[in-house]
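Welcome! Take a moment to look over the sequence and the structure before reading on.

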Amino acid sequence: MADRKIEDYQDIINLPHHVSETRPHMSMRDRAAQFSPFAALTGYDAAVKETARLTDQRAELDEEMKRNISERLNLIQENLTATPVVEITYFVPDERKEGGAYCTATGTVKKIDEFQRIVVLTDETEIPIDEIREISGAMFQSLDDSFA
């Protein structure tokens, strides 16, 4: 096929361009649109967005903060039958890159599982105890007043 010369096509080179009698002429824009879904670098856009996505770093808790969280968990455990509503801020590690995000869940504590080290809310939200940064709520008003 590569050996062919222009002379081989002399019989068709000067023929007029074919125009369909049954189909309308396609504009240059419509012709170009046929190829627009083609992406030479599949996934590149997603990779750039993933790299640009910001994550928070986990803050290390000092001993006083750890003690405060432990006291509050004990107080919740002692008052589970009173269905305390609390607000828990905790760290959620990112599944795809280093870091993560701090989330806040508000609800009634269903149980504290010390074996699995999780707090379970009545809406089935599971919060790892080791990721908790802060616990607040009306039941801690006397504790908060003593720290002020």
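This report looks at a nonpolar core and then at some salt bridges.

**The nonpolar core**

Please keep in mind that this is a predicted model. A good place to begin is its largest nonpolar core, which is made up of 17 residues. If you would like to find this core on screen, look for Leu73, Ile88, Val119, Ile127, Ile132 and Ile135, the residues with the most contacts inside it. Helix and strands both contribute here: α4 (63–78), β1 (85–93), β2 (100–113), β3 (118–121) and β5 (132–136) each provide at least two residues of the core. As general background, nonpolar side chains tend to be buried together in soluble globular proteins.

One of the residues with the most contacts inside the core, Ile127, deserves a visit of its own. Which residues is Ile127 in contact with, once its neighbours within four places in sequence are left aside? The partners are Ile88, Tyr90, Ala105, Arg117, Ile118, Val119, Leu121 and Ile132.

**Salt bridges along helix α4**

Now for the charged side chains. In general, side chains of opposite charge can pair when their charged atoms come close. In this model the count comes to 6 salt bridges. Among them are the three pairs below, with the distance between the closest N and O atoms.

| Salt bridge | N to O distance | Spacing in helix α4 |
|---|---|---|
| Lys66 and Glu63 | 3.8 Å | 3 residues apart |
| Glu64 and Arg67 | 3.8 Å | 3 residues apart |
| Arg67 and Glu71 | 2.6 Å | 4 residues apart |

For Lys66 and Glu63, the spacing is about one turn of the helix. Glu64 and Arg67 are likewise about one turn apart, and about one turn also separates Arg67 from Glu71.

Arg67 appears twice in the table, with Glu64 as a partner and with Glu71 as another. Together, Glu64, Arg67 and Glu71 are linked in a network of salt bridges.

**Buried or exposed?**

How exposed are these charged residues? Glu63 counts as exposed because its relative accessibility is 60%, which is over the 50% cut-off. Its partner Lys66 has 40% relative accessibility, so Lys66 counts as partly exposed.

In the network, Glu64 is partly exposed because its relative accessibility is 47%. Arg67, at 38%, therefore counts as partly exposed as well. Glu71 has a relative accessible area of 30%, so Glu71 is also partly exposed.

Methods:
Residues numbered from 1 in each chain as written. Predicted model: local features only at pLDDT ≥ 70, side-chain atom pairs only at ≥ 80, totals over all residues. Heavy atoms only, no water. Core = buried A, V, L, I, M, F, W, Y, C linked by side-chain atoms within 4.5 Å. Buried < 20%, exposed > 50% of the residue type's maximum accessible area, 1.4 Å probe, protein only. Contact = heavy atoms within 4.5 Å. Salt bridge = Lys/Arg side-chain N within 4 Å of Asp/Glu carboxyl O.
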